[in-house]
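Have the structure open beside you as you read, and take your time with each part. We will begin with one helix and then widen the view.

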Amino acid sequence: MTTPAFGSKDEPRTGQSSTRNLIPSNWVAHAALIVCVALALALRYVLIEFRSVDFYASLKPWYNAIRSEGFSVFATDFSTYNPPYLYMLYLIARFFPSTAVVWAVKIPALMADGLCALLTYLIIRQESPQRSILPQMAALVFLFAPSVVLNSAFWGQADSLLAAGLLGWLYFSIRGRHAVAAICYGVALAFKLQAIFLAPVLLALALKGSVPWRPLLSVPAVLLAAIAPSWLAGRPLGQLLGIYLHQASQFEYITMNAASAYAWLPGSKQVFNDFYQAGVVLGLCAAFILFVVSYRNPRPPTTRHLVGLALVAFLAVPFFLPKMHDRYFYPADVLAIVYAFLFPARFYIPLAVVGVSFFSYQPFLFERELIPLPCLTGVLLVVLGILVHKMISDMRPTPDVALSSDFPDSDVGEAVR
Amino acid sequence: VKRRLPSWQTVLDALIPVLGIALALAVRYTLLDFKSVDYFSYTKPWYLTLKSSGFAGFGADFSNYNLPYLYVLYVVIRLLPDAAPWVAIKLPSIAADFLAAWFAFRIVRLQRPHSSAALLAAFGILFAPTVILNSAYWGQADSIYACALLGCLYFLLRRQDFPAMLLLGIAFAFKAQAVFLAPFILGLLLRGELRWRSTLVIPAVYLLALVPALAAGRPLLDLLLIYPAQANQYERLTLHAPSALAWIPDTGRFYPFFYPAGLIAAATGAILLVLGMVRQPGKMSLDLQSRWALAAVVLTPFLLPKMHERYFYVADLMSIVVVFLRPRLLALPVLMLTVSFFAYQPTLFGVEPVPMSILALGVLAVIVILFRDIGAEIWSSALADSNNRAVK
């Protein structure tokens, strides 16, 4: 029997036959989950008043510009961000003008936190036995992951908007709704350039015919639609198209607290000048290898496989690219959580990935380096090695095997050997 | 009938515990003369107050501890009026060390009645570095509530609800940290493995413990506010505890954000722990219950703010008990005791050989190993359960 492609209706729900209706749903579980969601909100509430350096340097001036000048501000290059996040700020300033600035700039990302949690729940629900609480647990783990909580509620960054788009892409891909999935991906890309790390996988799957290629045309359409309001407000099209290019040339550091390969090099100007171009090529190499692996995969991709590929993409490409920020592994944090709920025996993957993100946030947020960045890079490299190894061994054409005894789907490839 | 002399075997069997106890006493004796900063600023003044003013001293607010510990001090003063104060204050804690070892012995005996594991567990506790340091060297009182908590666990494992709750009440009356076990107790209650009405013993014991001080003339409200006052004493995220908040800078800039965040995280952790217990199918084995108890006493102080270095004391003890019930978890006591030992160093010796943030990673490793072990068991028993149903 061949494994059906993801998105097809008859994909087996793993574990369903063996654990269906097993765990009784009861009021304790429901009450506990509701309280935990309330606590997740409370956690964000107590952190929201914090004002980071980024808040003073970027977010606050942008918001004030939007609030004082109205929509016409979009004709100018008052912000380095792509417009969609700024539109959200505009909506808040327009319809809720009394909102405190520190709340206003964080609300979009906080709402995206909720959306991400919902999508995580939906994704894991597709793959879990009925009436199990794994989907709810996955959403809770996301909501309480330290790097997730810090990123939006504390720091005021917008990476969860990107993650929401990516999870939307993942969910609708699994459901076989490829048109919606491509739009979600376009939205992710419109919020943050880092969504591009997934492009090699998408291209490979489309070229291979695992997913239809036509929906991918909506990605540029979404990007154009995202800049259209700014263009109408009077900003030159060339400038709008160049926002991401401008972002890429903004800072001249080989790594900005990211646990990437370049944390192993000195952070000097000399090193930057010598290795920047090599780094870009290395990043392209990583993307190319990922493309080849996705393209030559002999088995039709399953949900688990797709999540594994996306996770490796969001780890490997920023790992080898220069100029990465500490939070550029945010999509990897989120996908690692999803991954662990699909492969429970690999629970240590999100622990390591989220842990590395948390400790690499420290130099910027807390102005100290608890664990040296080169060590964090080492951890990430080990994780990457394990993931690639697992990915390749999961790809091997093997017959379907029963669940292993310890955990469901634990290292199916190993069980065969 | 001619009486047979006991064989060497029998004599040795009897001698081993005696020698072990003698050694445990000897090591404590050698450390008795140390006087810590806490001795000078807390226990010594309390001792002197009680000695000079007698029982009437309980009428005044001279100590930030709850009363039972002070009653014990009072009894020691009455019984041994000539003992040096730094020895007198350590005697109750040292006695509790041995009581804790006794309960560990009984717990392990429940599962392995015919092995020497129980004896080794008792020795494990008596010779654990943090146990020795805490009572005999430092003069802290953690072994008192900890031995009551071990006793509570022992009676819970024997399904004797009232003695268990009585000991829990005593533990809570001695130290508020007994609350770390609360998620485990709540889990048992919701599973129906512990009767709700038995928990009434806990407030009863707590209030009963206040009666002598009331009689001595201290106002009730004053007495009821002892624990809240303790909780408000320091505005610190962590006081040398290897907890998750060791990863956040302990400065005024971050305290207002991460103090409530820690409380919320701890509440969430406790709720999820209770949920895990409730969802565990089938009857819980003895060692599984012990593991859940250990999980509660590690996870709660790991997430709570304002923890002291010694708040993992019960976790130290329970990790020793658990390893004798489930030897594959050897890493737990090794990690836990090492971490606790190094966490004591800043306070006791004024040095920090291992940074607190690294020690916190050690506690995190304990939590991960423990929950991985429990989680695998939940899953495999769920599968076994479904297979049984399928057969029927």
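Let us start inside helix 7 of chain A, whose buried residues are A:Pro135, A:Met137, A:Ala138, A:Ala139, A:Leu140, A:Phe142, A:Leu143 and A:Phe144. Here "buried" means under 20% relative accessible area, "exposed" means over 50%, and "partly exposed" is in between, using a 1.4 Å probe and protein chains only. Helices (H or I, at least four residues) and strands (E, at least two) are DSSP runs, numbered from the N terminus. Helix 7 spans residues 134-144 and is mostly covered, with 8 of its 11 residues buried.

Before going on, a word on where this comes from. The model is predicted: local features need pLDDT of at least 70, side-chain atom pairs count only at pLDDT 80 or more, and totals for chains, interfaces and linings use all residues. Residues are numbered from 1 along each chain as its sequence is written, chains are lettered from A and ligands numbered from 1 in the order in which they are written, and side-chain values use heavy atoms, with hydrogens and water left out.

## Around helix 7

What do the buried residues of helix 7 of chain A pack against? In chain A, their partners are helix 2 (27-47), helix 6 (107-127), helix 8 (146-155) and helix 17 (330-342), and chain B adds helix 14 (255-279).

One residue of helix 6 of chain A is A:Thr120. A:Thr120 counts as buried, at 1% relative accessibility. Contact means heavy atoms within 4.5 Å. Apart from neighbours within four places in sequence, A:Thr120 is in contact with A:Ala138, A:Ala139, A:Phe142, A:Leu167 and A:Val338. You have already met A:Ala138, A:Ala139 and A:Phe142 among the buried residues of helix 7.

## A residue in helix 18

Now find A:Tyr361, in helix 18 (residues 348-365) of chain A. Is A:Tyr361 buried or exposed? With a relative accessible area of 0%, A:Tyr361 is buried. Setting aside neighbours within four places in sequence, A:Tyr361 is in contact with A:Ser147, A:Leu150, A:Asn151, A:Trp155, A:Asp326, A:Arg327, A:Tyr330 and A:Phe366. A:Cys285 sits 76 residues from A:Tyr361 along the chain, and the C-alpha atoms of the two are separated by 27 Å.

## Two loops and a lysine

A:Lys323 is not a glycine, yet it has a positive phi of about 65°. You will find A:Lys323 in the loop between helix 16 (303-320) and strand 2 (324-325) of chain A. A:Lys323 is buried, with a relative accessible area of 10%.

Chain B has a residue of this kind too: B:Arg159 is not a glycine and has a positive phi of about 60°. B:Arg159 belongs to the loop between helix 8 (142-157) and helix 9 (161-174) of chain B. With a relative accessible area of 41%, B:Arg159 is partly exposed.

Also in chain B, helix 2 (residues 37-53) holds B:Lys51. B:Lys51 is partly exposed, at a relative accessible area of 37%. Not counting residues up to four places away in sequence, B:Lys51 touches B:Ile77 and B:Pro81. From B:Lys51 to B:Pro355 there are 304 residues in sequence and 41 Å in space, C-alpha to C-alpha.

## The chains as a whole

The table sets out values for each chain. Accessible areas come from the Shrake-Rupley method with a 1.4 Å probe; for residues, only the protein chains shown count as cover.

| Chain | Helices and strands | Buried residues | Accessible surface |
|---|---|---|---|
| Chain A | 20 helices, 2 strands | 57% of 417 residues | about 17000 Å² |
| Chain B | 18 helices, 2 strands | 56% of 392 residues | about 16300 Å² |

Carbon and sulfur atoms hold 67% of the accessible surface of chain A and 69% of that of chain B. Among contacts with a separation of 6 or more, residues 24 or more positions apart account for 77% in chain A and 76% in chain B.

How confident is the predictor? The pLDDT is its confidence in each residue, from 0 to 100. Chain B averages a pLDDT of 93, and 96% of the residues score at least 70. The model scores ipTM 0.92 and pTM 0.92.

Definitions and conventions
pLDDT = per-residue confidence, 0-100.
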